[in-house]
Each structure stands twice: as structure tokens, then as C-alpha cells.
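Colleague: I have the model open here and would like to go through it with you. Can we take it topic by topic?

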Amino acid sequence: MPTSPALPVILLLSGSLRAGSVNEAVLRTAESVAAAGAVPVAAVRYEGLADLPHFNPDQDTDPLPAPVAALRGAIAGAAALLVCAPEYAGTLPGSFKNLLDWTVGGTEISDKPVAWVNAAAPGRGGGAEATLRTVLGYTGAAVVDAACVRIPVDRATVGADGAVSDPAVRARLAEVLALLADAAREAL
């Protein structure tokens, strides 16, 4: 009996550790949109941000710390990455910058399609976007500009399931996932 090809995996990376984060809600929504079949992808949230040790170049050797090996393995297994990170003090939160620092010494992100969603209110989040673009440049990521979007999210639209209920937000996230999937297919 023939099997269907596996769906491309889009790894969802939240830059926030805060419970109830709008950034996390955006990624839960992307996961929900994919699970509903709106886009032929498997969207998987990375949940190990809090477990990563502080970046130390002396530890960026084999064997890697287990949480770092898990992160790099998740990135290596993904066809593309989607980031949603808040802006703190004009840049990325330290915990998320730490995650990115752990990827610089590996090759897992190199040439991998990556995009981000800025969920901040209009006029905010530009510093986080600029930092993402800079750091992803060091990793060799293939930033998919058309999929890097601003989707301001009103906290009131986040349901008890932690996902955004607004149909316009859900539709826009489906477009972003489709663009990343297309870029991943082109990268093969």
C-alpha cells in the first residue's frame, strides 16, 4: 500500500518565556491552522527555550549540552522556521538571543527558509526584526522576506486554548506557512 509523503515540518520558535504571551498565541494559532489542513505542512512548536543553558563557546563542542542538541536536532529536522518574538529594550529578549547564539556554531539553519511574524502594535517591534535579520545573516539562514509580516494581535482575540480566534489573523498565518512551505520546496 503506497504511503503519502510526509508533510514538510515548519518549526515554530517563540521568543517569549511569558505565560500567555501574544507571540506564543500567534504560534499556537499557526499550529492550529496547519493541523486544520489549511496548508499542507506540519507546524511544530519548539518548547525548550527555558531549558537552554547560557551560551558559552567552550560548551559549543561535542557532546553538546542536551537541550542544545535537542534544539539543533529540531532545526535540522525542519524544512523551515517561523519565529514570533517580542521586542524588549529595542531588541530581542535575551533568552531568545541566547537560542540564536547556540545556532551560530552549527550549520542547521544555513540555507534554511526562515521568516518571522511581528505581533506587536503598529510602530513597535522594529528593533526585534532588525536584530533577527542581523543574527540570521550570521547563521546563513535564507530569510523569506515575503513571509516576514506584521500581524498585530489584540490580546482579547486569544481564546482559552491559547490561539487567536480572529479569522483574518488565521488566514494571514496560513499565507505565511504556505510561503515558507514553497520556499522549503524550492530549497530542495
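Colleague: Where does A80 lie?

Modeller: This is a predicted model, and in it A80 lies in strand 3, which covers residues 80-84.

Colleague: And is A80 buried or exposed there?

Modeller: A80 has a relative accessible area of 0%, and since buried means under 20%, A80 counts as buried.

Colleague: Which residues is A80 in contact with, leaving aside its neighbours within four places in sequence?

Modeller: With those neighbours set aside, A80 is in contact with V9, I10 and L11, with K112 and P113, and with L180.

Colleague: What about D182, how far is that from A80 in space?

Modeller: From C-alpha to C-alpha, A80 and D182 are 9.8 Å apart, although 102 residues separate them in sequence.

Colleague: Switching to aromatics, how many pairs does the count come to?

Modeller: The count comes to one aromatic pair, and that pair is formed by the rings of F55 and W102.

Colleague: Stacked or edge-to-face?

Modeller: The ring centres of F55 and W102 are 4.9 Å apart and the planes stand at 80°, so the pair is edge-to-face, given that an angle over 60 degrees is what counts as such.

Colleague: Which parts does the pair tie together?

Modeller: F55 lies in the loop between strand 2 (42-45) and helix 2 (66-77), while W102 belongs to helix 3 (residues 94-104), so the pair ties together parts that are 47 residues apart in sequence.

Colleague: Buried or exposed, those two?

Modeller: W102 is buried, at 0% relative accessibility, whereas F55, at 30%, counts as partly exposed.

Colleague: On to pockets. What volume does the largest one have?

Modeller: The largest pocket has a volume of about 350 Å³, and of the 17 residues that line it, N23, P86, A119, A120 and A121 are the closest to its centre.

Colleague: What is that lining like by class?

Modeller: The lining of the largest pocket is made up of eight nonpolar, five polar and four charged residues.

Colleague: And the second largest, how much space lies in it?

Modeller: About 290 Å³ lies in the second largest pocket; 17 residues line it, and the closest to its centre are S16, R18, E24, R28 and R45.

Colleague: Which element gives the most to that lining, and how does the lining split by class?

Modeller: Helix 1 (residues 22-35) gives the most to the lining of the second largest pocket, contributing three residues, and by class that lining holds seven nonpolar, five polar and five charged residues.

Terms used: Residues numbered from 1 in each chain as written. Predicted model: local features only at pLDDT ≥ 70, side-chain atom pairs only at ≥ 80, totals over all residues. Heavy atoms only, no water. 1 Å grid on protein atoms, 1.4 Å probe; cavity = no way out; pocket = protein on both sides within 12 Å on 5 of 7 lines; lining within 4 Å. Points joined across faces, edges and corners; volume = space filled by probe spheres on them. Nonpolar A, V, L, I, M, F, W, Y, C, P; charged D, E, K, R; others polar. Helix = DSSP H or I, 4+ residues; strand = E, 2+ residues; numbered from the N terminus. Phe/Tyr/Trp six-rings, centres within 6.5 Å; stacked < 30°, edge-to-face > 60°. Buried < 20%, exposed > 50% of the residue type's maximum accessible area, 1.4 Å probe, protein only. Contact = heavy atoms within 4.5 Å.
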